Each structure stands twice: as C-alpha cells, then as structure tokens.
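Notebook open, coffee at hand. I wanted to go through the metal sites and then one helix pair.

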Amino acid sequence: MSASKSILKQHSSDLGDYTGGNDTTAKAVKEVTAPIAGCDLSLEEALHCLPIGFSIFDANHKLAFCNKRYRELFDLPQELTAPGTAFGDILRYHIETKNGRPLNDEEKKGINNWLINHAKKIDDEKSFSQINQSFDSRFLRAQYTRLAPGGWVDLQEDITEKLQSDRKVSFLATHDALTRIENRRSYRVKLNGMLTRSRKGDTNIGVILIDLDGFKSINDTFGHPFADKVLIMVAQRLRSALRSTSVLARLGGDEFAIAESMERGAIDAAIICKRLLSAFEQPFRVDGVAVPLTASLGVALAPQNGTKDEELMKNADLALYRSKKVGGNTFHFFEKEMDVDMRKRLALESDLRSSIKDGDFILHYQPIAKVDSGEIAGCEALLRWEHPKRGLVSPDDFIPVAEETGLMVQLGAWVLSQAFHDACKWPEDIRIAVNVSPVQLRADNFVENVKSALVNSGISPNRVELEITETAILEGGRDKIYKTLVALKELGLRVALDDFGTGFSSLSHVHSFPVDRIKIDGSFVQGLGDQPTKSLAIVRSLTQLANSLGMETTAECVENAEQLSVVQAEGCTEIQGYYFARPTTAENIGIIALSKSDPKSQS
Ligand code: C2E
Ligand code: CA
Ligand code: CA
C-alpha cells in the first residue's frame with residue numbers, strides 16, 4: 001500500500017460518519033448545482049472546467065464544494081472531496097503526502113495553530129494570496145476570499161511553469177548568455193548595492209577590471225566559435241579563483257569585472273589579482289588546441305579611489321590601461337597621475353583628429369644606400385606632425401595614439417598616397433618604402449587602399465616596399481596577414497620586415513611569409529659600440545638568416561664609419577642612418593637624386 005493510500009485510510013476513519021454539513025454548506029451546494037440561465041450547463045459543471053482549483057469552505061471550515069482541478073492539484077481521494085470534509089483534514093492529508101509519513105503530535109499541534117491563524121487572517125484581510133509548494137514540488141498560488149455568511153472561496157493556480165519562465169527571463173536579463181556569469185547591468189546593480197552597504201560600515205570595495213591580452217588574434221586565427229569556448233573557460237577559471245561572495249561579470253567582448261569587499265583594501269586586492277593572473281598560467285585547451293593567454297588587470301578601491309560605481313570603473317579602467325601599456329599579464333592600482341595622463345592623451349587624440357582634417361602632416365624621406373656602391377637605393381617615408389601649438393610632434397609620441405584610436409587607418413592611407421605621389425617625381429630607380437601600422441594591415445580594405453593609391457599616383461608597383469613588423473603578423477592573425485601579404489605581392493609590391501630582432505624574431509615568420517627584406521633594428525647596430533660581442537652575434541645571425549633565405553638586409557641607424565664597416569663585413573646589402581643621410585623633405589630628395597651628388601653633403 002502506498003504512503004498516500006495508508007494516510008488516506010487513517011483520514012477516512014478520522015472523518016467518522018459525517019452526514020450532511022450545516023445550512024451554509026447546503027446553500028452553497030445548492031448554488032453551485034443550480035443551472036445557469038439560458039445554457040444547458042450547471043454552474044457546477046462550469047466550475048469543473050476551470051483550469052484553476054476552486055473550492056468553497058463554510059463558516060465551520062468544512063468543504064462545501066471543490067472542482068476537478070482542485071482535487072487534481074492536491075491529489076485528493078474521493079473521501080476528502082465530499083462536502084463537509086474539514087479543511088484541516090485536507091491540509092493534513094496534503095502535508096502527510098508531501099512528507100511521505102503520518103504527522104507526529106508536534107506537527108499536528110503546529111497545523112492546528114496554523115489553521116486558527118489562517119482563518120483569522122481571512123477574517124481580518126477579507127482577501128489575500130500566498131504561494132505554497134505542493135507535495136510534488138509544484139508552486140501553487142492560493143487566493144483566499146472571505147464570504148459574507150462566513151467561510152471562504154479558495155482559488156489554487158499552478159504557477160510552476162510561469163515562475164520557471166520568469167526566472168529564466170530574469171536570469172537572461174542579468175546574465176551573460178555565453179559565459180552564464182553576470183552581465184554589465186547586473187554588475188552595476190550589485191556593485192551599487194555593495195557600495196551602499198559599505199558606506200554604512202567600514203569595508204573597502206574593490207573593483208577589478210580584466211581584459212584579455214591579444215584576444216583579437218585568437219578570434220581572427222581560430223574563428224568566433226573557438227574564441228567563444230575560450231571565453232567560457234576563462235569565465236570558469238576566474239570564477240574558481242574567487243570567493244563565492246565576489247561578483248564576477250562579463251562586461252562584453254573579452255572584458256570581465258569583479259567586485260568584492262576587501263577588508264584590508266589594497267593588500268587583499270593584490271592577493272586576488274595574483275590569484276586571477278595565475279588562473280591564466282595554464283594554456284586554454286579547446287578542441288585539442290592549447291591556447292596560451294594572459295590578462296591585464298586594473299584595480300580601483302572604494303572609498304579611496306571613488307565612491308560611485310562609474311568613477312570606480314573609470315579609474316579601474318585607467319589602471320588596466322597602464323597594465324596593457326607595459327605589455328599585459330600584470331595588474332596595476334589606480335593612481336591619480338593616471339587620470340592626468342589620460343586627459344593628456346585625450347587632448348592629443350582630439351588634436352590628432354582636427355589635424356587630420358586640417359592636413360597638418362607632412363612626410364620626410366630618409367635615403368637608404370646600397371652598401372656596395374653608396375648609391376641611393378630608395379627612401380623611407382617618415383611621418384611628421386606639425387601642430388600649430390604643439391610644434392613638431394615625434395611619430396613615436398602620436399602613432400601609438402593614432403593606432404589605439406583607429407585614426408591610423410585614415411592617416412596611413414594618406415601616407416601611402418602622398419608617398420607614392422612624391423616618389424613619382426624622383427628617378428625611376430629610387431624605391432619608396434612606406435611604414436604600415438598593424439592597425440592598417442589588419443583592416444579589411446587595406447589591399448584596396450594600396451591598389452587605389454597605386455592607380456591614382458601612377459607609380460610602378462615594383463618601386464614600392466611596404467615595411468611591416470612582426471607584431472603586425474602576430475596581432476593581425478597569421479592566416480589573415482599571410483593572405484594580405486600574398487595579395488600585396490600579387491600587385492607587384494615588395495615587403496620588408498621592419499625592426500627585426502626586437503620582437504620574437506621567429507624564423508617561422510620569416511621563411512613562411514612572402515618577405516623580401518629584413519631591416520635589422522637600429523638598436524643592434526648601435527649596440528656594436530656598446531655591446532660589441534652580443535650585437536655582432538645578432539647582426540651576424542640575422543644577416544646569415546636573410547642571406548640563406550634569399551632576402552635582402554638593411555641595417556638601420558648606421559651613424560658612423562665603424563658601424564658601416566661592420567655591417568658591410570657581415571654582408572648587409574643596404575644601410576640607412578645619419579651617417580649616410582638624415583630624413584629630409586621630398587623636394588630635397590628630388591634634388592639629391594637628380595644631381596646624383598653624395599647625399600651626405602645635402603643633409
Ligand atoms: P622606423 O620605421 O624604424 O623608422 C626609422 C626611425 O629611425 C626614424 O625615426 C628615423 O628618423 C630614425 N633614424 C634613422 N636613422 C637614424 C640614425 O642613424 N640614428 C638614430 N638614432 N635614428 C635614426 P622617426 O622618423 O622618429 O620614426 C620613428 C618611428 O615612427 C618609425 O620607426 C616608425 O616605426 C614610425 N613611423 C614613422 N612614420 C610612420 C608612418 O608613416 N607610418 C607608420 N605606421 N609608422 C611610422
Ligand atoms: Ca620603418
Ligand atoms: Ca625600423
């Protein structure tokens with residue numbers, strides 16, 4: 001015999017020989033069984049059709065009527081649906097079924113008290129509703145309404161599914177669909193709650209912003225579905241590096257945020273940051289591929305770095321920016337000067353924008369010489385910013401800002417067309433070398449830009465050499481950059497690897513990519529004086545590498561005869577540097593080239 005059946009048996013005997021109920025019950029029964037005027041249906045039959053449980057209890061808390069749905073919801077046996085059944089019996093039956101055992105004395109007493117309070121509440125409040133959980137864990141919303149002659153109407157609605165879908169909606173509204181951690185909106189709400197509470201007490205609140213280093217190249221190399229899996233793993237690792245009370249959110253893209261109360265302020269924040277960084281120590285393994293990944297972190301603390309969520313997030317972002325600047329895989333705390341630096345940077349950005357519109361840029365050209373003959377082989381275009389108030393700004397100061405803001409794409413396009421245009425005025429045998437920023441190279445329309453600059457200027461493509469860096473290959477995604485370089489080669493252009501030796505200098509980048517020249521970074525040439533053995537070893541190995549791969553080499557920053565003789569002895573094919581010529585205007589290059597005179601005398 002099942003638990004519910006045995007309980008039922010016990011209740012049936014408790015019911016005794018109940019025979020009819022009082023006047024109110026009889027009246028109620030009469031009302032519900034009366035036919036509805038104008039239709040062939042009794043009110044009782046209509047009530048049985050309702051999708052919600054409906055019952056009437058009389059002034060003595062005895063059942064007058066219950067519909068089919070009511071019986072189903074509580075799985076009531078016939079005996080407990082008969083008019084006159086005590087509400088208490090139905091309730092006891094329900095709880096015993098839920099517990100799977102008969103009630104003990106203590107519980108019976110508790111239920112009696114509950115019944116008294118319940119009846120009183122209906123009397124006092126006339127109507128109220130509450131949500132209860134049924135024996136089979138469904139959620140029922142009960143609506144009790146007092147009847148004038150005493151007793152009440154009880155409506156029971158199964159809202160399990162509605163609650164579930166409400167919960168789902170609220171989960172979706174507050175969580176990131178991909179990683180299933182909190183989203184930006186929820187982060188702000190929770191951070192605000194923490195800040196409000198902390199104002200009352202004395203705790204510090206730490207805001208940590210996290211940005212993955214070079215995540216874009218994962219996206220470009222392996223595609224979005226792969227990168228999404230990495231993001232999910234990142235979220236999981238971050239979560240497990242944190243206390244359960246800390247708030248972890250994905251703000252969007254590869255940006256995450258943490259909010260946590262930190263009793264010891266910066267000490268706690270530093271410990272957490274180290275833990276978060278160590279979550280990246282192992283590569284992320286997705287679809288059998290192990291992807292190494294690091295992150296940059298920025299920390300702002302409340303109340304010392306701000307008391308409002310926006311201010312804290314802005315300051316943590318400035319600290320994060322510092323971490324990025326130094327190469328990532330580290331954390332920084334917000335400092336006041338970061339704000340000052342950022343303001344300067346924003347001012348520079350705004351000046352850059354207006355200067356691009358006003359055309360405050362010019363190009364200088366630095367001749368590059370053939371080592372053997374000393375003749376000009378070509379010229380490298382070097383960008384100069386002549387700002388009305390700032391004066392002459394070094395490319396090292398403004399190009400990074402132009403790259404970060406994306407302005408470099410527009411500026412770079414101007415450089416290409418201006419350089420081609422200027423070079424057309426020089427003799428045909430002078431090559432024109434143009435620096436291409438990683439931002440330009442990975443822009444989708446780069447090849448098109450180059451093509452139209454070629455067509456508009458009418459320059460012969462074999463006179464053009466584009467200087468790119470290893471970082472451009474790494475950051476832009478190897479496959480994508482490879483295709484771009486192949487397309488450029490098909491146009492008839494040459495490609496040089498600039499500043500070679502400063503990055504990873506991986507042989508694989510050189511030999512598998514269509515590169516015609518290696519430009520040995522100036523630091524090694526200059527090092528020939530300061531660190532002769534080491535620099536010589538590097539210059540030698542880079543030259544040999546290039547020679548064996550059939551590439552040409554240019555030694556940069558050759559400043560004296562001694563450096564020239566070393567790089568010449570090592571087999572570099574070309575040199576560039578103040579010893580031969582300083583950068584100068586396009587007109588001067590024209591004069592130098594046409595007069596075929598020694599460029600040294602013109603600089
Ligand atoms: P880079 O491409 O390595 O350019 C060579 C830099 O070395 C130039 O600095 C040049 O003036 C300097 N230089 C040449 N010979 C010597 C020498 O003998 N000794 C020393 N100490 N320096 C020498 P500049 O013009 O200040 O340019 C700096 C960097 O800015 C360039 O380095 C390049 O990375 C970037 N840049 C310049 N123009 C452009 C451009 O149009 N587009 C892009 N994307 N980057 C550019
Ligand atoms: Ca260059
Ligand atoms: Ca260089």
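**Calcium sites and a helix pair**

I started with the calcium ion (ligand 3): its protein donors are Asp498 (OD), Asp499 (OD), Glu556 (OE) and Glu556 (OE), at 2.0 to 2.7 Å from the ion. Note to self: this is a predicted model.

I then checked how those donors sit along the chain. For the calcium ion (ligand 3) I wrote down the spacing D-D-x56-E.

What is the relative accessible area of Asp499? I get 28%. I logged Asp499 as partly exposed because that value falls between the 20% and 50% cut-offs.

Next I looked for a link to another ion. Asp498 bridges the calcium ion (ligand 3) and the calcium ion (ligand 2), and the two ions lie 3.9 Å apart.

Is Asp498 buried or exposed? Its relative accessibility is 8%, so I put Asp498 down as buried, the cut-off being under 20%.

On to the calcium ion (ligand 2). Which residues coordinate it? I found Glu380 (OE), Asn435 (OD1), Glu467 (OE) and Asp498 (OD), at 2.1 to 2.3 Å. Along the sequence, the donor residues of the calcium ion (ligand 2) read E-x54-N-x31-E-x30-D.

I also placed two of these donors in the fold. Asn435 belongs to strand 17 (residues 431-435) and Asp498 to strand 19 (residues 494-500); 63 residues separate the pair, which links distant parts of the chain. I looked up exposure for Asn435 as well: with a relative accessible area of 27%, Asn435 is partly exposed.

Then the helices. I took helix 17 (residues 446-457) and helix 19 (residues 478-490), which pack with their axes 10 Å apart and at an angle of about 15 degrees. Why do I call helix 17 roughly parallel to helix 19? The angle of about 15 degrees is under the 35 degrees cut-off, so the label fits. I noted the crossing of helix 17 and helix 19 as right-handed.

Last, I listed who touches whom. From helix 17, Phe446, Val447 and Val450 meet Thr484, Ala487 and Leu488 of helix 19. I sorted that contact by class: five nonpolar residues, one polar and no charged ones. The polar residue is Thr484, because Thr is not on the nonpolar or charged lists.

Notes: Residues numbered from 1 in each chain as written. Chains lettered and ligands numbered in written order. Predicted model: local features only at pLDDT ≥ 70, side-chain atom pairs only at ≥ 80, totals over all residues. Heavy atoms only, no water. Donors = N, O, S within 2.8 Å, 3.2 Å for Na, K, Ca; no water. Helix = DSSP H or I, 4+ residues; strand = E, 2+ residues; numbered from the N terminus. Buried < 20%, exposed > 50% of the residue type's maximum accessible area, 1.4 Å probe, protein only. Axes fitted to C-alpha atoms, helices over the stretch in contact; angles between N-to-C directions. Parallel < 35°, antiparallel > 145°, perpendicular 65-115°, else oblique. Left-handed = near helix turned anticlockwise from the far one by under 90°. Contact = heavy atoms within 4.5 Å.
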